[in-house]
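Thank you all for coming; I would like to take a few minutes to go through one structure with you, beginning with a helix and then turning to two of the residues that we have been asked about.

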Amino acid sequence: MADISGLVDFFKSEWFRNTTVLSTTLAVAYFGTGLLFLIPDLTGKPIWMLKYKTQPPQNFKVTGDDVKKVIQQLTFNSLAIHLPFMFLYYHLQVWRGCDQSFKVPAPLHFLRDVALCILIEEIAFYYAHRILHSSFMYKRYHKVHHEFTAPFGLVSAYSHPVEFIFSNLGTIMTGPLVVGCDVVTTSVVFFLSVAVTVIHHSGYHLPLLPSPEFHDYHHLKFTGNYGVLGVLDWLHGTDKQFRKSKQSRRHKVIFFARETTG
C-alpha cells in the first residue's frame, strides 16, 4: 500500500487549512450574495424586489450569456491568479506576524482592526481605481469591467486578470496585511468587503442594505465615484457630477419597505 502520509500532512498543514478557509470565505460572500440578486434578475421574481432597481428596465436585462461570460472569466482568474496568490498571501501573513491559530480576538481589538482595514481599503481602492481609469489602463484592462453599464452582482469580480490582481485582490488584502490581523479578523474583513462590493454592483437598493447608488452611477457614467465610502471622492472632488444627480439624493440607507428609489 502506498505511503500517503505526505499527502495527509499536506491537507493537515496550516497553510492549506488557512488558505482554504479564506478562499471559501471569499467564495461564499461572492456567490452567496450574488445569487440572491441573480434570481430576480433572471426570473423577475419575487416581484417586490423589482421596485428597488436603481436603473430603469430599458437599461437592464441580464441574460444567460451574460452570466456565462462572467463565470468563465472568474473561473480563469480564480485558477490562474487567485489560488497562487493565496499561497503567497499566507506566507506574507506569516512574515508579518499575523496570528494563524483561529483564536478569537478580543472584541475591542477586533473592532479596531476591522475599522482600520475598511479605511485602508478605501484608500487603496480609490487610488487603484483612479489609475485604472487613466487612458493607458482603461483601454487595456479596466474596459472589460465596464462592459456592463447596468451591472448585476456577479459583475463585481468580472475583470481583466491584471485588474483582478491590482484592484480586486490587492485592495481587499492590503488592509489585513498592513494591520497585522489574525486569520479570524481577516476572514470577517474578506467577507464584508466582498459582500458589500457585490451589493454595490447588484442594481438593487434594498431596505437595510448599503446603498448601491454611488457605484451604480459610476458604471452608468464611466467616470467619478472611484471610492467605496466616498470620502476620498469628496476630498478630491471626483463626485461633483454625482452630487448634482437624482441618484445622489437617493444615496442613503432605506429603513422602511415602503420607501423606493424612485
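When I say helix, I mean a DSSP run of H or I with at least four residues, numbered from the N terminus. Please keep in mind that this is a predicted model. With that understood, H7 is followed by glycine 180, which has a positive phi, near 85°.

Going back into the helix itself, H7 has 19 residues and spans 26 Å from its first C-alpha to its last, which is close to the 27 Å expected at 1.5 Å a residue, and there is a bend of about 50° at glycine 170.

Within H7, which covers residues 161–179, we find isoleucine 165. If we leave aside neighbours within four places in sequence, isoleucine 165 is in contact with Ile81, Phe85 and Gly170, the last of these being the glycine where H7 bends. Is isoleucine 165 buried or exposed? Its relative accessible area is 38%, so we call it partly exposed, since that class lies between 20% and 50%. From isoleucine 165 to threonine 185, 20 residues apart along the chain, the C-alpha separation is 22 Å.

Let me turn now to histidine 201, which sits in helix H8, residues 183–202. Histidine 201 is buried, at a relative accessible area of 4%. Not counting residues up to four places away in sequence, histidine 201 touches several others, among them His145, Phe152, His215 and His219, and with histidine 219 there is also a side-chain to side-chain polar contact of 3.5 Å.

Technical notes:
Residues numbered from 1 in each chain as written. Predicted model: local features only at pLDDT ≥ 70, side-chain atom pairs only at ≥ 80, totals over all residues. Heavy atoms only, no water. Helix = DSSP H or I, 4+ residues; strand = E, 2+ residues; numbered from the N terminus. Buried < 20%, exposed > 50% of the residue type's maximum accessible area, 1.4 Å probe, protein only. Polar contact = N/O pair within 3.5 Å; in protein donor to acceptor, adjacent residues only side chain to side chain. Contact = heavy atoms within 4.5 Å. Expected span 1.5 Å × (residues − 1). Bend = angle between axes of the 7 residues up to and from the residue.
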